[in-house]
Amino acid sequence: MRLDGTAGTITLTYRVVGQSLIFSDSHTIELTPGDAQKIALVQQPGNITAGAAFSPAVTTQVQDAFGNAVSGGVFRTSVKPVLYDTADATSDNSKSAVENTTGAHTWANPGFTKAGTYKLQFTGTATPVAGGSAIALDPAESNIFTIAPAAPSQHAATPRSHAL
């Protein structure tokens, strides 16, 4: 028997169909997440001002094929944000990847300073903590959001009077 689906407690009941006099039995089992397979966006980015933080922070989660969060120190995950400019179809790959064993990654202030219309793309890997090769995760892509220009500096020049 194979069970796939949402992680959690499942009760299996066994009985013979059409035989109500035969005792049925049931057992409770725990379905746990499978192998890391994809990056999912838990919190999409909102519009921000250049240099400002996302509020709430952009959050990704490493999941198995059924959308269960992969955590508990089974995998060491590495997820990297890539800023994709929708106007000129270019990507900024300069941001560092976030690594941990929880599978959840948060970007509050990734330091984006160029105004424009963008998508965030997330790429990454998961490596079994017990050893083994890195698994390339299916990437995720955010909704389109905008980065507005930062407000001009409030340092105005003070006029000086000159005696003639």
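The following passage describes the confidence, the nonpolar core and one sheet of a predicted protein model.

Because the model is predicted, local features were taken at pLDDT of at least 70 and side-chain atom pairs at pLDDT 80 or more, whereas totals for chains, interfaces and linings use all residues. Residues are numbered from 1 along each chain as its sequence is written, and side-chain values use heavy atoms, with hydrogens and water left out.

The pLDDT, the predictor's confidence in each residue on a scale from 0 to 100, averages 85 over the protein chain, and 90% of the residues score at least 70. Among the elements, with strands defined as DSSP runs of E of at least two residues, numbered from the N terminus, the lowest mean pLDDT (77) belongs to strand 1 (residues 8-14) and the highest (95) to strand 12 (residues 140-141).

The largest nonpolar core (buried Ala, Val, Leu, Ile, Met, Phe, Trp, Tyr and Cys residues joined through side-chain atoms within 4.5 Å, buried being under 20% relative accessible area with a 1.4 Å probe, protein chains only) comprises 21 residues, of which Ala36, Phe54, Leu120, Phe122, Phe145 and Ile147 touch the most other members. At least two core residues come from each of strand 5 (58-63), strand 6 (75-85), strand 10 (116-128) and strand 13 (145-148), with strand 10 giving the most, four residues. Beyond its neighbours within four places in sequence, Phe145 has contacts (heavy atoms within 4.5 Å) that include Phe54, Leu83 and Leu120.

An open antiparallel sheet is formed by three strands in the order 3-5-9, where pairing requires at least two DSSP bridges between two strands. Strand 3 (38-43) and strand 9 (104-107) are the edge strands. Strand 3 pairs with strand 5 over five bridges, and Ile39 stands opposite Val62 in strand 5.

Terms used:
Buried means under 20% relative accessible area, exposed over 50%, partly exposed in between (1.4 Å probe, protein chains only).
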